[in-house]
Amino acid sequence: MSYLKVSDISKQYDQGSDALVNISLTLEKGEVVSLIGESGSGKSTLLKIIAGLEVQDRGEVYLGETRILNPSQKLVSGYDEIKLIHQGNHLYPNSTVGENISRPLLMYDKAYREERVKLILEMLNLTSFEDKYPRQLSGGQQQKVAIGRAMSIEPEVLLLDEPFSSLDTIQKRELIEELRAIFDQMQMTVLFVTHDLDDALMMSGNLVILQKGKIVQEGKAEDIFRNPTTYYTAKLFSHLNIISDKEGAFIRPMDILIKNKGRNPGKVSEKKFLIHFNQLTVIMPEGEIWKVEDKERTCEVGEDIYLDWDKNKEVCLSFVSSDDLPTS
Ligand code: ADP
Ligand code: MG
């Protein structure tokens, strides 16, 4: 029996345009999964339905044995067991960090409240900020307080809807790593939604990929990377170079070896200095334009080079729509 079970959910806001189509997924207790999809793919709609905050057209959500009722079926919508956190979860500006976190606990007795707030502050490494006001904190710290507030009533499931979009990259990476450790320690079940693959991977190696309201692939990140089932999921991870003599076959820039003789000749037409490698643009014999990673940083513009790769690293797709391919 799985813990959180989303079964065949569909939703249209407007006649004829699908926000979600037959979405099913399950999370075990303590599992952390990243759900990735571009803007408008239905991520927020799905989280709201799971939290019981939006009405679906079809399908059910279960938390253990409990069926999650939507706002048309339940007087007070939402559940204490399932907490949805998004970027707009504003803190109470005139309450301290400690008061913000204890706010959802108002109906509990004082001793429990104090103990719970103390525990959450320690866990989030915010103890020294207990008496500060939100405006005295960085963006990342404010988001941590928002998550602490959501965790104060001991929810079973956290749904995170791009809660870190306003943070800069380094802050975000550190926060994601810190939270992941806390989620593991607390055996928290988490569905983390983002449009950013780096963030998704930083949070979890278990991915669900949503495209236009449909789950197009799910599983371990490395399996999806090696064996994508659609061009869209293949392309999420990197640029794809088209292998012209093999239909539906591609090679990723990071899987190419640069040689000074051999097969697959090409001419370097552009070089960009990036953090981990020089990115080369290479013109291939039939005019195809490839991207290649020069980790040694030895190739120069105008140079003739030869490209090689392990056949096992080719990405082979059984169907690629012509709309997917770059026109050159
Ligand atoms: P995401 O979070 O992935 O950006 P959303 O779930 O917000 O996607 O939106 C999915 C689709 O549903 C989009 O086409 C969006 O325009 C539409 N949509 C979202 N909320 C509403 C709403 N309240 N009324 C009408 N259409 C909506
Ligand atoms: Mg959204």
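Which residues surround ligand 1? In this predicted model, the ring of neighbours is made up of Tyr13, Ala19, Glu38, Ser39, Gly40, Ser41, Gly42, Lys43, Ser44 and Thr45.

**View 1. The shell around ligand 1.** Sort the surrounding residues by class and you get two nonpolar, six polar and two charged ones. Helix 1, running over residues 43–50, is the top contributor to this shell, supplying three residues.

**View 2. Polar atoms facing ligand 1.** Zoom in on the oxygen atoms of the ligand. One sits 2.5 Å from a side-chain N or O atom of threonine 45. For serine 44, again in the side chain, the distance from a ligand oxygen to an N or O atom is 2.8 Å. Glycine 42 joins in through its backbone, where a polar atom is 3.1 Å from an oxygen of ligand 1. On its own the ligand would expose 560 Å², and the protein buries 57% of that.

**View 3. The annotated domain from end to end.** An unreviewed UniProt entry marks residues 4–237 as "domain: ABC transporter". Pick out the C-alpha atoms at the two ends of this span and they turn out to be 28 Å apart. Helix accounts for 34% of the span and strand for 27%.

**View 4. Threonine 233, tucked into helix 8.** Here we look at a residue of helix 8, which covers residues 231–237. Threonine 233 has 0% relative accessibility, so it counts as buried. Its side chain makes a polar contact of 3.0 Å with the side chain of glutamine 217. Leaving aside residues up to four places away in sequence, threonine 233 touches Ile209, Val216, Gln217, Ile224 and Pro228.

**View 5. Lysine 212 and its positive phi.** Most residues other than glycine have a negative phi. Lysine 212 goes the other way, with a positive phi near 45°. You'll find lysine 212 in the loop that links strand 9 (206–211) to strand 10 (214–220). Is lysine 212 buried or exposed? It's exposed, because its relative accessible area is 66%, and the cut-off for that label is over 50%.

**View 6. Arginine 297, another positive phi.** Arginine 297 isn't a glycine either, yet its phi is positive, near 60°. The loop in this view runs between strand 16 (289–294) and strand 17 (304–308), and arginine 297 lies in it. With a relative accessible area of 27%, arginine 297 is partly exposed.

Terms used
Residues numbered from 1 in each chain as written. Chains lettered and ligands numbered in written order. Predicted model: local features only at pLDDT ≥ 70, side-chain atom pairs only at ≥ 80, totals over all residues. Heavy atoms only, no water. UniProt positions renumbered as here; feature names shortened; annotations may be inferred. Helix = DSSP H or I, 4+ residues; strand = E, 2+ residues; numbered from the N terminus. Near = heavy atom within 4 Å. Polar contact = N/O pair within 3.5 Å; in protein donor to acceptor, adjacent residues only side chain to side chain. Areas by Shrake-Rupley, 256 points an atom, 1.4 Å probe, with all protein chains shown as cover. Nonpolar A, V, L, I, M, F, W, Y, C, P; charged D, E, K, R; others polar. Buried < 20%, exposed > 50% of the residue type's maximum accessible area, 1.4 Å probe, protein only. Contact = heavy atoms within 4.5 Å.
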